[in-house]
Amino acid sequence: MEIVVCVKPVPDAETRLRVRPDGTGLDEEGVKFVLAGYDESAVEQALLLKEAKVATGVRVVTAGPSPRSEEVLRYAIALGCDHATWIEVPADPRPDAVATARILAEGLKRYPHDLVLVGKHASDREAGLVGPALGEFLGLTDYAGVVDLRWDAGRSLFTFLESVEGGALRVEAPAPLLVSLQQAWNDPRTAKLPNILKSRKAPIERIPWTEVGPAVQERLARSAQRTAFRLPPPRTGAKLLEFKTPDEAAEKLVRLLKEEAKVFP
Amino acid sequence: MSRAVLVVAECREGQVVPSSLEAVGLGRSLASDPVVAVVVGPPSPAVHASLAAAGAARVVQVDHPDPHGASTAFWSTAVAEVLKEFPDALVLLGSTIRGRDLVGRLGARWDAACVAGATSLTVDPDGSVRGSRPVFGGRATEEFRLAGPRIVVAIRPHAFPRPSPTSAAPAVETRAAPSISGAPAAGRVTGFQPAETSQGPELTDASIVVSGGRGVRAAENFHLVEELAQSLGAAVGASRAVTDAGWRPTTFQVGQTGKSVSPQLYVAVGISGAIQHLAGMMSSRVIVAINTDPTAPIFKVADYGIVGDLFQIVPALTRAVRAARGQ
C-alpha cells in the first residue's frame with residue numbers, strides 16, 4: 001500500500017500576528033513556518049502504518065511558495081517519509097481551498113495513492129476544506145476528524161472512528177480512501193538531528209506551476225476573496241474582582257455575569 | 001438578485017443538530033424566498049417537524065437507510081442532485097465536522113465559492129455574500145466576499161440565534177437515493193459511540209463551557225469543575241495538562257490540538273493560559289479566569305478574573321450560581 005500525506009506550512013504558534021500592508025491577510029515578513037499540528041499527526045500515522053508493514057512507501061506532498069514548502073518537506077523526510085513532492089504555487093494570487101485541492105489533485109494523479117492522509121485542519125485558517133475537496137477531485141470517499149485508523153488485513157478494510165459532535169462513528173471503508181486525521185495512535189515524533197542534517201540533501205521532486213496552474217486559472221479569478229484581516233483591539237486584561245471571602249467573590253461574579261456581561265443562564 | 005437558500009441539515013440520534021436549525025433561521029433572515037431544507041437519511045417526521053418549526057418551508061428528504069446520512073461522498077452526490085433545481089443557490093450548513101467536510105466536497109463538485117466557520121453573513125444587492133470568520137484560533141478575524149452563482153457557507157455553532165419556533169407544517173418531498181455507481185467505494189458506519197463526557201451539553205455545541213487545568217492538581221479534584229459546570233448547565237472542558245495526565249480523556253481537551261469552542265461564557269479554572277490553549281477558546285464571548293497566580297497569561301485575555309485558591313472559590317461559586325438559579 002502506498003500512502004500520500006498532504007501537508008501545509010503554517011506560522012509557528014508563537015507568531016505575533018501583524019496585518020500585511022494591503023490589510024487582507026497576515027504579514028508573513030519574518031514569520032517562521034512549521035508543519036501544521038494535525039499534519040504532524042497525519043505524518044506520524046503514515047509512518048506508524050509503514051512501521052506496521054501495512055504501507056510500503058510514504059510520500060509527502062505540499063503545494064505552496066518557497067522556501068517554506070521545501071522546509072516542511074525536508075522536515076517530513078527527517079521524520080521518516082520516503083519521498084517528497086513540491087508543487088510550486090506562487091504566493092499571489094492566493095488559491096482558495098478548492099483551488100488548492102485541485103492543484104494537489106493534479107500532483108497526486110502522478111503517484112499511486114491507496115491512502116491519502118491530511119490533517120483535520122491547519123492551525124492558521126482552520127477551515128478543513130482542502131481534504132474533502134481533494135477527495136472529490138480524486139474520486140475518493142473521505143472521512144474527517146479520524147481517530148484510531150487501522151488496517152484490517154483479513155477483510156482488506158480500514159477501520160476507524162470518525163469524531164462527530166457528541167461522540168464518534170465507528171466506520172469501516174476500503175482503500176482507496178482519503179482521511180482527515182485528528183489524532184494518530186501516538187503523539188507525533190520529533191526529528192532527530194542527524195536525520196535533519198541528512199534531509200538537507202534529500203531529493204525533492206518539483207512540479208512547476210506551469211503544469212498545474214492552467215487547471216485552476218479560471219477558479220483563481222473568481223474564488224473566495226479575502227477582503228480584510230483584522231486583529232482584535234488589544235485585550236485590556238481582566239477586571240480583577242476585589243473580595244474578602246470566597247463567597248463575596250462568587251456573588252460579585254454572578255452579579256457581573258448577570259447584569260454587565262448578560263451571559264448568566 | 002434574490003437567491004434561493006438551501007440548508008443541508010445534519011441529524012444525530014434522530015434529531016437535527018442545533019447549528020442546522022441556526023442555519024435555517026439565518027436563511028430566513030437573509031432571503032425573501034422560502035428556505036428549503038435537505039435531509040439525507042431515513043425519513044423522520046420528527047426531523048421534518050423541527051426543520052419546519054425553525055422556518056423551513058420545504059423539506060427535501062433523500063432516502064438513505066443510514067441514520068448518519070452515509071458518507072459525505074454520498075451526501076455531496078445527493079445534495080448536488082437536488083441543487084440541479086437551484087442553479088444560483090446559497091447553501092448553508094452548520095460548521096460541524098461533517099458540515100465542513102460537505103462544504104469542501106460541494107465546493108469542488110459544484111464548483112462553488114465556499115467558506116467554513118462564518119460568524120457573520122449578509123447578502124449584497126448584487127447577490128454576492130459577505131461575512132467574517134475567526135482564524136488563528138480566534139486571534140484574528142478574516143472578512144470574505146463570495147461571488148458567482150453557487151455559494152456554500154458553513155456557519156459556526158452559536159454564532160447565529162436559534163430561530164423562535166413557528167407552528168408551520170412541513171411540506172415534505174421525498175427523493176429516492178441517487179445511484180452512485182461509478183462513484184467512490186463507500187464506507188459503512190457500523191455504530192455510534194457517545195463521547196466519554198460528563199452529563200451536560202456537548203463541548204463544541206455548548207453555550208457555556210467550564211474547563212479545568214493543571215491547578216486542579218489531581219483527577220479526584222476534577223469534580224469541583226464538574227459541579228460548577230452542572231450548576232451553570234455547562235459543558236466540561238480541560239487543558240492539555242489535564243488530558244496528558246490522564247485525569248480526563250482527550251475528548252475533553254480544548255486547544256490547538258483539541259477542540260475549538262466559542263461559547264457565550266468560558267470559565268477557566270486553574271488554567272494558566274498557554275497559547276495552545278488560548279487558540280481553542282479565544283473566540284468565546286466572555287471569559288472568566290480563576291487562578292492563584294496573578295501573572296498567569298489567562299488574565300490578559302479574560303474579561304473577569306478572580307485571583308484566588310480555586311479549592312475555595314469554585315465551591316463558593318457553585319453555591320452562588322445554584323442560589324441565583326433557584327436550584
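Two residues are in contact if their C-beta atoms, placed from the backbone, lie within 7 Å. The exercises below concern a predicted model.

**Exercise 1. Overall build of chain A**

Determine what share of the contacts in chain A between residues at least 6 apart in sequence joins residues at least 24 apart, and describe the chain as a whole.

*Solution.*
Step 1. Of the contacts between residues at least 6 apart in sequence, 72% link residues at least 24 apart.
Step 2. The secondary structure of chain A amounts to seven helices and 13 strands.
Step 3. The C-alpha trace of chain A extends over about 65 × 50 × 40 Å along its principal axes.
Step 4. Chain A has 265 residues, and 49% of them are buried.
Step 5. The chain is divided into domain 1, residues 2-222, and domain 2, residues 234-265. The centres of these two domains, taken over C-alpha atoms, are separated by 44 Å.

**Exercise 2. A covered helix**

State how many residues of helix α4 of chain A are buried, and name them.

*Solution.*
Step 1. Helix α4(A) covers residues 130-138, and nine of its nine residues are buried, so the helix is mostly covered.
Step 2. The buried residues include A:Gly131, A:Pro132, A:Ala133 and A:Gly135. The others in the list are A:Val130, A:Leu134, A:Glu136, A:Phe137 and A:Leu138.
Step 3. After α4(A) comes A:Gly139, with a positive phi near 70 degrees.

**Exercise 3. Backbone particulars in the loops**

Locate the cis peptide bonds that precede A:Pro93 and A:Pro176. Then classify A:Lys53 and B:Arg217 as buried, partly exposed or exposed.

*Solution.*
Step 1. The bond from A:Asp92 to A:Pro93 is cis, with omega near -5 degrees. A:Pro93 belongs to the loop between β5 (83-88) and α3 (97-108) of chain A.
Step 2. The bond from A:Ala175 to A:Pro176 is also cis, with omega near -5 degrees. A:Pro176 sits in the loop between β9 and β10 (177-183) of chain A.
Step 3. A:Lys53 is not a glycine, yet its phi is positive, at about 65 degrees. Its place is the loop between α1 (37-51) and β4 (57-64) of chain A. A residue counts as exposed if 12 or fewer other C-beta atoms lie within 10 Å. A:Lys53 has 10 such atoms and is therefore exposed.
Step 4. B:Arg217, likewise a residue other than glycine, has a positive phi near 75 degrees. This residue lies in the loop between β14 (208-212) and α5 (223-232) of chain B. With 15 other C-beta atoms within 10 Å, B:Arg217 is partly exposed.

**Exercise 4. The contact of chains A and B**

Describe the contact between the two chains by the residues it takes from each, and then the packing of α3(A) against α4(B).

*Solution.*
Step 1. Chain B gives 84 residues to the contact and chain A gives 69.
Step 2. On the side of chain B that touches chain A, helix α4 (residues 97-109) supplies the largest share, ten residues. That side divides into 42 nonpolar, 24 polar and 18 charged residues.
Step 3. The axes of α3(A) and α4(B) are 9 Å apart, and the helices pack at an angle of about 70 degrees. Angles of 65 to 115 degrees count as roughly perpendicular, and the two helices are therefore roughly perpendicular to each other.
Step 4. The residues that meet are A:Ala97, A:Val98 and A:Ala101 from α3(A), and B:Gly104, B:Gly107 and B:Ala108 from α4(B). Four of the residues in this helix contact are nonpolar, two are polar and none is charged.
Step 5. Strands also take part: β9 of chain A (residues 167-173) and β13 of chain B (residues 188-194) run antiparallel, joined by six bridges. Within this pairing, A:Ala168 has B:Gln193 as its bridge partner.

**Exercise 5. A sheet with strands from both chains**

Give the strand order of the open sheet of four strands that contains β12(A), and identify the edge strands.

*Solution.*
Step 1. The order is β12(A)-β10(B)-β9(B)-β8(B), with antiparallel pairing.
Step 2. The edges are β12 (225-230) of chain A and β8 (120-123) of chain B; each has a single partner strand, so one side of each lacks a neighbour in the sheet.
Step 3. From one strand to the next, the twist averages 20 degrees.
Step 4. Four bridges connect β8(B) with the antiparallel strand β9(B), residues 129-135. In this pair, B:Leu121 stands opposite B:Gly131.

Technical notes: Residues numbered from 1 in each chain as written. Chains lettered and ligands numbered in written order. Predicted model: local features only at pLDDT ≥ 70, side-chain atom pairs only at ≥ 80, totals over all residues. Domains from an automatic or database assignment. Nonpolar A, V, L, I, M, F, W, Y, C, P; charged D, E, K, R; others polar. Pairing = 2+ DSSP bridges. Buried ≥ 20, exposed ≤ 12 C-beta atoms within 10 Å, placed from the backbone. Axes fitted to C-alpha atoms, helices over the stretch in contact; angles between N-to-C directions. Parallel < 35°, antiparallel > 145°, perpendicular 65-115°, else oblique.
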